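Colleague: Please take a close look at a single part of this model for me, and then work outward to what surrounds that part. Plain prose will do.

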Amino acid sequence: GKGGVAWVIEQDKGLKLPKRLQADFSRHVQALADETSRELGAADIWGRFEATYLPREGDRFVLRDYDETGSAGARLFVGRVAVDGVERSISGRGNGLISGVIAALGETGPDLDVVDYSEHAIGHGADAQAAAYVECR
């Protein structure tokens with residue numbers, strides 16, 4: 001079920017998937033289980049997560065590099081993206097990184113609306129990484 005799949009991802013990779021992502025991802029895992037007709041392991045589940053949600057080189061939009069500057073409430077996102085394989089520079093202003101990215105993408109791509117956003121630390125201390133989940137429509 002979706003709780004079991006989320007538990008495997010959290011234990012194996014430290015990702016705490018939001019509830020709506022758990023529900024969506026469980027459908028993908030169920031499809032994989034149906035395709036393979038076998039019990040899935042953590043590597044199978046992670047492979048499906050990567051293929052479903054994480055960026056790949058062949059994606060329509062690929063972030064190459066970015067910088068964020070400005071004070072809280074007035075952030076500037078400047079980035080290099082490849083759109084359909086063609087690199088270009090984009091920029092956008094917002095009250096934070098996500099709103100700056102959305103504004104920048106609005107110049108060259110889809111008009112996005114952020115439905116939900118959450119983030120959490122992976123690990124502890126100065127070397128901790130972070131995971132961010134952005135649901136758009």
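Modeller: Helix 4 covers residues 97–108, which makes 12 residues; helices (H or I, at least four residues) and strands (E, at least two) are DSSP runs, numbered from the N terminus. From its first C-alpha to its last, helix 4 reaches 17 Å, close to the 16 Å expected at 1.5 Å a residue, where the expected span is 1.5 Å times one less than the number of residues. This is a predicted model, in which local features need pLDDT of at least 70 and side-chain atom pairs count only at pLDDT 80 or more, while totals for chains, interfaces and linings use all residues. Residues are numbered from 1 along each chain as its sequence is written, and side-chain values use heavy atoms, with hydrogens and water left out.

Gly100, Ile102, Ala104 and Leu105 of helix 4 are buried; buried means under 20% relative accessible area, exposed over 50%, and partly exposed in between, with a 1.4 Å probe and protein chains only. The cover over these buried residues includes strand 1 (61–71), strand 2 (74–83), strand 3 (86–94), strand 4 (114–122) and strand 5 (129–136).

Alanine 103 also sits in helix 4, but it is partly exposed at 34% relative accessibility. Leaving aside residues up to four places away in sequence, alanine 103 touches Gly92 and Arg93, a contact being heavy atoms within 4.5 Å. Its C-alpha atom is separated by 8.8 Å from that of phenylalanine 77, which is 26 residues away along the chain.

Beyond the end of helix 4, aspartate 113 forms a salt bridge with arginine 137, with the closest N and O atoms 3.2 Å apart; a salt bridge is a side-chain nitrogen of Lys or Arg within 4 Å of a carboxyl oxygen of Asp or Glu. Aspartate 113 lies in the loop between helix 4 and strand 4, and arginine 137 in the segment after strand 5, so the pair ties together parts that are 24 residues apart in sequence. Aspartate 113 is partly exposed at 39% relative accessibility, whereas arginine 137 is exposed at 63%. Elsewhere, Arg64, Arg80 and Glu87 are joined into one network by salt bridges that share partners.

Strand 4 contains tyrosine 117, which is partly exposed with a relative accessible area of 34%. Together with Val114 and Val134, Tyr117 makes a nonpolar surface patch of about 210 Å². Patches are made of residues with over 30% relative accessible area and no salt bridge, with like charges joined within 9 Å and nonpolar side chains (Val, Leu, Ile, Met, Phe, Trp, Tyr) within 5 Å. Accessible areas come from the Shrake-Rupley method with a 1.4 Å probe, and for residues only the protein chains shown count as cover.

Now for the interior. In soluble globular proteins, nonpolar side chains tend to be buried together. The largest nonpolar core here has 15 residues, and those with the most contacts inside it are Ile9, Leu15, Leu17, Phe25, Ile45 and Phe49. A nonpolar core is a set of buried Ala, Val, Leu, Ile, Met, Phe, Trp, Tyr and Cys residues joined through side-chain atoms within 4.5 Å. Helix 1 (2–13), helix 2 (19–36), helix 3 (42–53) and strand 5 each supply at least two residues of this core. Helix 2 gives the largest share, four residues. A second, separate core of six residues brings the account back to helix 4, since its members include Ala104 and Leu105, along with Phe77 and Val83.

Helix 2 also carries charged pairs. Aspartate 24 and arginine 27 both lie in this helix, three residues apart, about one turn, and their side chains meet in a salt bridge at 2.8 Å, N to O. Aspartate 24 is partly exposed at 25% relative accessibility, while arginine 27 is exposed at 55%. Glutamate 35 forms a salt bridge with arginine 48, the closest N and O atoms being 3.4 Å apart. That pair links distant parts of the chain, with glutamate 35 in helix 2 and arginine 48 in helix 3, 13 residues apart. Glutamate 35 is exposed at 56% relative accessible area, but arginine 48 is buried at 19%.
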